[in-house]
Amino acid sequence: MLMKNNIVLIGFMGVGKGSVAREIVRQSGMVAVDTDDIIESMENRRIKKIFAEEGEPYFRDLEKRVAQWLQVSVNDTLISTGGGFYKVPQLNDIGTVVLLDASFKTIYQRIIDHPNAAKKLKKRPLFQDIDKAQALYNEREPQYKAVADIVIDVSGKDYETIAKEILEKTAH
Ligand code: S3P
């Protein structure tokens, strides 16, 4: 199979995948999709509601369906993902996997510094309890690094710099 030309952004909730994706689009003109947005459209309800009404395993199955579609049908696209999407089996067949990496402290600070902090937390079912979120981060951090083709340390960098670094490193 030909190597796909997609960029797949992975990383923990709140690390800035959406903001970085928008900046990559601005700099490169690439088309972008977001796996959470696709799932919300498929289901016609918010992630929070899907978790509450169907539970997490149902959501993870939707992520797998989206991954299959991306693998078969999508190319030349910037794909931002939900924080748990990295677990889909064919992740590395979808494109070049780029991890946005930062410490839990940096990520949490970034969320609470945001003017819409309460809303940002509320929409994330797995970020309701800070100790549980920290534990999830600790569990995932080595797994993110294991699947990533490229790791970008985002702490202290603005979106413009991060996007530029990603476009250079992926030769886009
Ligand atoms: C999740 C992250 C969320 C969303 C869902 C589950 C996770 O996306 O997919 O709430 O398992 O880390 P963000 O990373 O955009 O918050």
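Select Asp-76 to begin: in this predicted model, Asp-76 counts as partly exposed, because its relative accessibility is 46%, and partly exposed covers the range between under 20% for buried and over 50% for exposed. The residue is found in the loop between α4 and β3, the strand at 77–80. Check its backbone angles while you are here: phi is near 55°, a positive value in a residue other than glycine.

Asp-76 has a counterpart worth a click. Which other residue has a positive phi although it is not a glycine? Select Asn-44, where phi is about 50°. You will find Asn-44 in the loop between α2 and α3. Is Asn-44 buried or exposed? It is exposed, because its relative accessible area is 70% and the cut-off for that class is over 50%.

**Into helix α2**

Step back along the chain to Ser-41, which lies in helix α2, residues 35–43. Ser-41 counts as exposed, because its relative accessibility is 61%. Now show its side chain and draw a distance to the backbone oxygen of Asp-37: a polar atom of the Ser-41 side chain lies 2.9 Å from that oxygen. For a sense of scale, add a second distance, from the C-alpha of Ser-41 to the C-alpha of Ala-146. Those two atoms are separated by 30 Å, and the residues are 105 apart along the chain.

**The ligand**

Next, select the ligand and centre the view on it. Where does the ligand sit? It is in the largest pocket. Display the residues around it, 14 in number; those that come nearest are Lys-17, Asp-36, Arg-60, Arg-124 and Arg-140. Colour this shell by residue class and you should get six nonpolar, three polar and five charged residues. Then turn on the cartoon for α3 (47–54) and α4 (56–73), since each of these helices supplies at least two residues of the shell.

Three contacts deserve a distance label:

- Asp-36: an N or O atom of its side chain is 2.7 Å from an oxygen atom of the ligand.
- Arg-140: here too the side chain takes part, with an N or O atom 2.7 Å from a ligand oxygen.
- Gly-84: a polar backbone atom is 3.4 Å from an oxygen atom of the ligand.

How much of the ligand's accessible area does the protein cover? On its own the ligand has 390 Å² of accessible area, and the protein covers 94% of that.

**Two more stops**

Move on to Arg-110, in helix α6, which spans residues 104–113. Arg-110 counts as partly exposed, because its relative accessibility is 28%. Add Arg-26 to the selection and join the two C-alpha atoms: they are 22 Å apart in space, with these positions 84 residues apart in sequence numbering.

Finish at Lys-123, in the loop that runs between α7 (117–122) and α8 (130–147). Is Lys-123 buried, exposed or partly exposed? It counts as partly exposed, because its relative accessibility is 48%, while exposed would need over 50%. For a last distance, pick Ile-152 as the partner of Lys-123. From C-alpha to C-alpha the pair is 26 Å apart, and in sequence they are 29 residues apart.

Technical notes: Residues numbered from 1 in each chain as written. Predicted model: local features only at pLDDT ≥ 70, side-chain atom pairs only at ≥ 80, totals over all residues. Heavy atoms only, no water. Near = heavy atom within 4 Å. Polar contact = N/O pair within 3.5 Å; in protein donor to acceptor, adjacent residues only side chain to side chain. Areas by Shrake-Rupley, 256 points an atom, 1.4 Å probe, with all protein chains shown as cover. 1 Å grid on protein atoms, 1.4 Å probe; cavity = no way out; pocket = protein on both sides within 12 Å on 5 of 7 lines; lining within 4 Å. Sits in = over half its atoms within 2 Å of the grid points. Helix = DSSP H or I, 4+ residues; strand = E, 2+ residues; numbered from the N terminus. Nonpolar A, V, L, I, M, F, W, Y, C, P; charged D, E, K, R; others polar. Buried < 20%, exposed > 50% of the residue type's maximum accessible area, 1.4 Å probe, protein only.
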